[in-house]
Structure formats: C-alpha cells, structure tokens
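Subject: Structure handover and findings

Dear colleague,

Please find below the structure that I am handing over to you. My notes on it follow directly after.

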Amino acid sequence: MADSLPSINFGFDDLRDRMARFTEKFDTFIAKGRKQVLEERNRFRINVAELQEDQRLKTREIEALAIKSSSHAQAVDKEAAETAELHAAIASISQQRDAHAQHRDRIKSEIASVRKQIAQRLSAQQQYAQAIDDQAQHNVPELDFWQTYLCMRIEGTGTVDRVKFIFTHVDEKDWERQACFELDMEKRDYRVVSIKPKVEAEQVERCVERLNDSRDLGHFLKGMRELLTAAVK
C-alpha cells in the first residue's frame with residue numbers, strides 16, 4: 001500500500017537555499033545600512049563640530065565687533081564733547097572779541113573826545129596868550145605912565161605869576177611912607193593875596209572884579225592907590 005502512495009516533494013532544499021540567499025542579502029543590507037548610518041553619523045558629528053567651531057569664531061567676531069563698537073561709541077562721545085567744548089570756546093572768544101571791539105570803540109571815542117577838548121583848550125590858551133601878549137604890548141607904555149603918574153614901582157615876589165605894587169606919596173605928612181599889595185596872576189581871574197595897610201576886603205574885591213572883567217590895569221592901579229591912600233589917613 002505504501003508503494004501505491006504518490007511521492008510528495010515539498011521543496012525544502014530549495015526553500016533553504018532561498019532562505020539562505022535572503023538571509024545573506026538581508027545581512028548585506030543590514031551591514032550596508034549600519035555602515036551608511038555610521039558614515040552619516042560621522043558626517044553629522046563632523047558637521048556639528050564645524051558648526052560649533054563656526055559658532056565659536058562668530059562669537060569671537062561678535063565680541064570683537066562689540067568691543068570696536070563700544071570703542072567707536074566712546075570715541076564719538078569724546079569727539080562730541082570736544083566739539084561742544086570747541087564751540088563753547090569759540091563762543092567765549094567771540095564774546096571777548098566783541099567786548100574788546102566795544103571797549104576799543106569806546107576808547108577811540110574817548111580819545112577823540114579828549115583830543116577835541118585838548119584842541120579846544122589849546123585854542124583857548126592860544127587866544128588867551130595872544131590876548132595877554134596884546135595886553136602886554138599895550139600895558140608896557142601904559143605902566144611907564146602909571147608908575148610916574150601914581151608914584152608906583154613894581155617888584156617881584158619870588159613866586160611865579162605874582163608881582164608886588166609899591167606906592168609912595170600916599171601920606172601927606174610923610175611922602176616916603178609906602179603902601180603896597182601883591183597881585184596873583186596865575187589864573188585868568190587875578191586876585192590880591194596881600195595888602196598893606198589893611199583895606200576892607202569888599203572894596204578890594206570890587207576893584208579886582210572890574211580888572212578881571214575889563215582887563216584895564218591902569219584903572220585898577222588907580223583904584224587901588226585911592227583905597228591905600230584912604231587907608232593911610
């Protein structure tokens with residue numbers, strides 16, 4: 001009966017061969033996959049290391065730029081402060097220049113005013129000197145006449161611009177008796193600074209005032225002789 005059963009071939013050998021080839025291919029695939037994973041991991045690590053190095057370099061560059069930026073900001077602030085100080089100095093110098101210009105103009109104006117005053121005074125002095133010269137030319141012959149007519153002589157006192165007039169024949173009882181006075185001619189307005197014998201001051205002042213107004217020396221001397229003659233009596 002056993003001989004009459006059909007022979008069944010399940011193909012185990014072929015299946016084993018196929019399984020063996022599959023296993024071999026699968027192992028090869030796994031090996032390649034592992035290798036690829038390792039290579040990609042290595043490349044990733046290398047890339048990460050390169051990125052980290054780049055990041056470190058960039059960080060250093062950023063820090064350097066920050067330092068430069070801070071230094072530049074400080075330089076800009078310093079320059080701005082120096083510029084402000086320079087502008088303030090220029091403004092101060094401009095104010096001083098303007099003040100000096102005003103002071104110079106004021107001094108020029110004062111100098112011009114003083115020069116004008118000097119010119120006016122010089123002109124007045126020249127006119128006065130000319131008047132004195134004219135009067136002196138007139139007085140010389142007139143004095144000679146009055147010295148004889150009034151029994152008078154003129155002497156110096158030792159003081160500049162001061163003369164002494166001495167009269168005789170003022171006392172009928174003593175023709176040698178003398179009366180005198182000193183006339184100060186330093187200023188335009190003359191004045192009697194001493195007189196002998198004593199005469200009332202108001203009378204003397206009236207004579208001097210007429211002299212200063214008229215410049216008539218002869219009339220003045222005649223008036224003073226009359227006062228002195230009256231004082232002797």
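The paragraphs below set out the nonpolar core, the salt bridges and a charged surface patch.

Please note at the outset that this is a predicted model.

I begin with the interior. The largest nonpolar core comprises 23 residues. Those with the most contacts inside this core are Phe 165, Phe 167, Phe 181, Leu 183, Phe 220 and Leu 221. Four elements each supply at least two residues of the core: strand E2 (162–167), strand E3 (179–184), helix H2 and helix H3 (217–232). Of the contributors, H3 gives the most, with 7 residues. As general background, nonpolar side chains in soluble globular proteins tend to be buried together.

I turn next to the charged pairs. The structure holds 8 salt bridges, and three of the pairs are described here. In general, side chains of opposite charge can pair when their charged atoms come close.

The pair formed by Glu 182 and Arg 162 has its closest N and O atoms 4.0 Å apart. Glu 182 belongs to strand E3 and Arg 162 to strand E2, so this salt bridge ties together parts that are 20 residues apart in sequence. Glu 182 has a relative accessible area of 18% and is therefore buried, the cut-off being under 20%. Arg 162, with a relative accessible area of 24%, is partly exposed.

Another salt bridge joins Arg 153 to Glu 155, with the closest N and O atoms 2.9 Å apart. Arg 153 counts as partly exposed at 34% relative accessibility, and Glu 155 likewise counts as partly exposed, at 31%.

In a further pair, Asp 105 forms a salt bridge with Arg 104, and the closest N and O atoms are 3.6 Å apart. Asp 105 is partly exposed, at 41% relative accessibility. Arg 104 is also partly exposed, with a relative accessible area of 45%.

Finally, I come to the surface. Which residues form a negative surface patch? They are Glu 200, Glu 202, Glu 205, Glu 209 and Asp 213. Glu 209 is placed in helix H2, which covers residues 201–214. This residue, Glu 209, has a relative accessible area of 49% and is therefore partly exposed, since exposed residues are those over 50%. Helix H2 thus appears in two parts of this account: Glu 209 of the patch lies in H2, and H2 supplies at least two residues of the nonpolar core.

Yours sincerely

Key: Residues numbered from 1 in each chain as written. Predicted model: local features only at pLDDT ≥ 70, side-chain atom pairs only at ≥ 80, totals over all residues. Heavy atoms only, no water. Patch = residues over 30% accessible without salt bridge, like charges linked within 9 Å, V, L, I, M, F, W, Y side chains within 5 Å. Areas by Shrake-Rupley, 256 points an atom, 1.4 Å probe, with all protein chains shown as cover. Salt bridge = Lys/Arg side-chain N within 4 Å of Asp/Glu carboxyl O. Lys, Arg positive; Asp, Glu negative; His and termini not counted. Charge placed at Lys NZ, Arg CZ, Asp CG, Glu CD. Buried < 20%, exposed > 50% of the residue type's maximum accessible area, 1.4 Å probe, protein only. Core = buried A, V, L, I, M, F, W, Y, C linked by side-chain atoms within 4.5 Å.
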